[in-house]
Amino acid sequence: MNKYHIALSFAGEDREYVEEVANHLRASGVDVFYDLFEEEDLWGKNLYEHLTSVYRDQALFTVMFVSQFYVEKLWGNLERKSAQARAFRESSEYILPAMFDTYVEVPGMLETTGYIDLNKKTPGKLAELIVRKLTKSGVTLEGQNAYSENVKADVDYPVKAKGKIGRIIEKLKSYNWYTQSPAISDIMSLDWSKLSSDDAFVLGRNIYQCACGGENRAKEILDNLRKELASLPEERAIDLVNGMFFEVYFNSEGEFRGSDLKSRKLPNLLKIQNVKKFSPSISFIRRALEPYKAELPFRPNTQPETLQIKIKVKKADPPTVRAMTANGFDILSSDEDPSGSFWKLSYKGFTLKTLKKQLSSEWGIPDKQIDISVTKGFSEDDELRLPEGHCIKWPSP
């Protein structure tokens, strides 16, 4: 019996890329050997013997991340030789080479061996490819994030057939605080060890929706998310958070919300971006948003992204914005159709502080992840105006 679907072999210098792959894989339900996922187990072990066993005996495949650093490392050589011993023993495609540096020669690996050029693959795309490889090899992934279509499009969730969970969800969908409040309390007192991943996911969606609607107990959960989830089984806590993130970006029919994001409580969710325990949740929502990334100013990330706003101002009375970009994209639009409440900025003056507050509100990005720079000679207290007939709008893809 193999303990892992995939073992990842790499040099420490390439860790940033590999860790993102590992998080994507774990979010997809893949049993993956990645050293930082196993710190407590590796602590005190004879690593020479243990790693030899992992790469030779305990995985269905080893993904070998090849770089100049990798072939020069002692531990990399140990892992490579162990994996090659397995491949030789079974005469199989056990080693899956992924090349950072395609010119590097790997001892014992034929030049004709098929490989993936990582210069052409994001970590998410490589993870998807690995999942497809596993599936084609007969592996059925039943991980914590393989949710049914009935919860991704929760309008189809079979409420009537779900007993107590169904009754709670019916109350949460009532849009009545007096009905929702006791239902929220009932959720947190459930026996979470008996809940399915689908049930936790749809409960997360509805808690988030109630919080956006102003229900006090739901708001309290979002305001103290890590503390509230600390007593839940870790897998169910991740399912709950995944449901909350999904509700931000996708409607009840499972369709992407576009510019009409439910972002009111998104800054609360983003507080867990760099919390290691919840990295599978960040990988989950990034994968879900991959097809729509051109339509978003930012996506949640384990290394929180900074939105760089650059403003060019024309000296006039009043000072008038000449250009405005967000991470290089032009967000000063002349179609007179602003998103959300950006229209307020089209008809009155605003300071950089006001703009940052509006951007945070509309796009759900915390203030500290927004960096605004303006033409030299203007300060954050100066009142600016948009050109007549212009508005702020994220560009359509």
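User: Which residue in β2 does alanine 7 stand opposite?

Analyst: In this predicted model, alanine 7 stands opposite phenylalanine 33, which belongs to β2. That pair belongs to a wider arrangement, in which 2 bridges join β1 to strand β2, residues 32-33, with the two strands running parallel.

User: And how does the chain get from β1 to β2?

Analyst: The chain crosses through helix α1, which covers residues 15-27, and this β-α-β crossover from β1 to β2 is right-handed.

User: How many bridges join β1 to β3?

Analyst: There are 5 bridges between β1 and strand β3, which spans residues 59-66, and these two strands run parallel. Within this pairing, isoleucine 6 stands opposite phenylalanine 61 of β3.

User: Is β1 largely enclosed or open, and why?

Analyst: Strand β1, residues 4-9, is largely enclosed by the rest of the structure, because 6 of its 6 residues are buried.

User: Let's switch to α9. How many residues does it have, and how far does it reach?

Analyst: Helix α9 runs over residues 177-188, so it has 12 residues, and it reaches 17 Å from its first C-alpha to its last, which is close to the 16 Å expected at 1.5 Å a residue.

User: Which residues in α9 are buried?

Analyst: The buried residues in α9 are Gln180, Ala183, Ile184, Ile187 and Met188. They cover an arc of only 135° around the axis, and therefore they lie on the same side of α9.

User: What do those buried residues pack against?

Analyst: The buried residues of α9 pack against four helices, namely α8 (163-172), α10 (197-212), α11 (216-223) and α12 (225-229).

User: What happens at the start of α9?

Analyst: There, a side-chain oxygen of asparagine 176 reaches to within 2.8 Å of the backbone nitrogen of tyrosine 178. In the loop between α8 and α9 you will also find tyrosine 175, whose phi is near 60°, a positive value in a residue other than glycine.

User: Is tyrosine 175 buried or exposed?

Analyst: Tyrosine 175 counts as exposed, because its relative accessibility is 65% and the cut-off for exposed is over 50%.

User: Where is asparagine 327, and what is its phi?

Analyst: Asparagine 327 sits in the loop between β7 and β8 (329-330), and its phi is positive, at about 50°, although it is not a glycine. Its relative accessible area is 36%, so asparagine 327 is partly exposed.

User: Where does aspartate 239 lie, and is it buried or exposed?

Analyst: Aspartate 239 lies in helix α13, which covers residues 234-249, and it is buried, with a relative accessible area of 0%. Its side chain is joined to that of arginine 236 by a polar contact of 2.8 Å.

User: Changing topic to proline 318: is the peptide bond leading to it from aspartate 317 cis or trans?

Analyst: The bond from aspartate 317 to proline 318 is cis, with omega near 5°. Proline 318 is found in the loop between β6 (307-314) and β7 (320-326).

User: Last one, on the whole protein: how many helices and strands does it have?

Analyst: The secondary structure comes to 16 helices and 11 strands, and the C-alpha trace spans about 75 × 60 × 35 Å along its principal axes. Of the 397 residues in the protein, 51% count as buried. Finally, among contacts between residues at least 6 apart in sequence, 70% join residues at least 24 apart.

Terms used: Residues numbered from 1 in each chain as written. Predicted model: local features only at pLDDT ≥ 70, side-chain atom pairs only at ≥ 80, totals over all residues. Heavy atoms only, no water. Expected span 1.5 Å × (residues − 1). Buried < 20%, exposed > 50% of the residue type's maximum accessible area, 1.4 Å probe, protein only. Arc of directions from axis to C-beta. Contact = heavy atoms within 4.5 Å. Polar contact = N/O pair within 3.5 Å; in protein donor to acceptor, adjacent residues only side chain to side chain. Pairing = 2+ DSSP bridges. Right-handed = clockwise from strand over helix to strand, strands pointing away.
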